[in-house]
Every structure is written in C-alpha cells, then in structure tokens.
Amino acid sequence: MLQRQFRAVFGTTVFAYLCECRLLRARRALEHDGVTVGQAAMVAGYTSAANFATAYKRRFWHAPKLARSRV
C-alpha cells in the first residue's frame, strides 16, 4: 500500500528515491566540499568506492572524479 501511494505521488519507488537522494548528497560533497571519491561513497552510504562509482556513472553519466576536479 505504501509503495503504491509513494509511486503515485513521487513517480518512483521508495528505494529509487532514497538512492537518488544519497547520490545527490554525494555529488554535492564532491563538487562543493572537495571530498575524495572514497569519502563521497561513505556519504552516500556505500561501503565500496567502486560500487559507488558505478552507481554515480549510471546516474550522472560521468565518473565521480570528474565532479571532484571541477572544485
């Protein structure tokens, strides 16, 4: 029931919404705070920087190290 109502309001699943929020938080940390990719992975709740980098690339179409280099 909650899943259906959440999808009706937000147009996505709870899990996808939370993943999006975590990745956006990590992107902000990379771009504005200059954290390392490993630190950004921890901010996003990943225990593996490699898994974080894969998820980041799928979402933002570039490697997290490129976001960090913009600082």
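This is a short tour of the structure above, stop by stop, with something to select at each one.

**Before you click**

What you have open is a predicted model, so local features need pLDDT of at least 70 and side-chain atom pairs count only at pLDDT 80 or more, while totals for chains, interfaces and linings use all residues. Residues are numbered from 1 along each chain as its sequence is written, and side-chain values use heavy atoms, with hydrogens and water left out.

**Stop 1: the whole protein**

Start with a cartoon view. You should find five helices and zero strands, running α-α-α-α-α from the N terminus on. Helices here are DSSP runs of H or I with at least four residues, strands are runs of E with at least two, and both are numbered from the N terminus. Taken along the principal axes, the C-alpha atoms fill a box of roughly 40 × 20 × 20 Å. Of the 71 residues, 28% count as buried. Buried means under 20% relative accessible area, exposed means over 50%, and partly exposed is in between, with a 1.4 Å probe and protein chains only.

**Stop 2: helix α2**

Select residues 14-33, which make up α2. The expected span of a helix is 1.5 Å times one less than its number of residues. For the 20 residues of α2 that gives 28 Å, and the end C-alpha atoms are 28 Å apart, which agrees.

Now colour C19, L23, A26, A29 and L30, the buried residues of α2. They cover an arc of only 115 degrees around the axis, so they sit on the same side of α2. (The arc is that of the directions from the helix axis to the C-beta atoms.) Turn to the face pointing away from that buried side and you'll meet the exposed residues H32 and D33. Just after the helix comes G34, whose phi is positive, near 70 degrees.

**Stop 3: two salt bridges**

Show side chains next. How many salt bridges are there? The count comes to two, where a salt bridge is a side-chain nitrogen of Lys or Arg within 4 Å of a carboxyl oxygen of Asp or Glu.

Pick E20 and R59: their closest N and O atoms are 2.7 Å apart. This pair links distant parts of the chain, with E20 in α2 and R59 in α4, 39 residues apart. E20 is partly exposed at 24% relative accessibility, and R59 is partly exposed too, at 33%.

Then pick E31 and R27, whose closest N and O atoms are 3.2 Å apart. These two are four residues apart in α2, which means about one helical turn separates them. E31 is partly exposed at 22%, as is R27 at 25%.

While E31 is selected, add L66, which belongs to helix α5 (residues 64-69). The two are 35 residues apart in sequence and 9.1 Å apart in space, C-alpha to C-alpha. L66 is partly exposed, with a relative accessible area of 44%.

**Stop 4: helix α4 and its rings**

Move on to residues 49-60, helix α4. Its twelve residues reach 16 Å from first C-alpha to last, close to the 16 Å expected. Which residues of α4 are buried? They are F52, A53, A55, Y56 and F60. Their arc around the axis is only 165 degrees, so they lie on the same side of α4. On the other side, A50 and R58 are exposed.

Zoom in on the rings of Y46, F52, Y56 and F60, which ring pairs link into a cluster. Rings of Phe, Tyr and Trp (its six-membered ring) pair if their centres lie within 6.5 Å; planes under 30 degrees apart count as stacked, over 60 as edge-to-face and the rest as tilted. By this rule there are six aromatic pairs. One of them is Y56 with F60, a tilted pair at 4.7 Å centre to centre and 55 degrees between the planes. Both residues are buried.

**Stop 5: V9 and a nonpolar patch**

Finish at V9, in helix α1 (residues 2-10). V9 is exposed, with a relative accessible area of 65%. Its C-alpha is 29 Å from that of M42, 33 residues away along the chain.

Y17, over in α2, is partly exposed at 34%.
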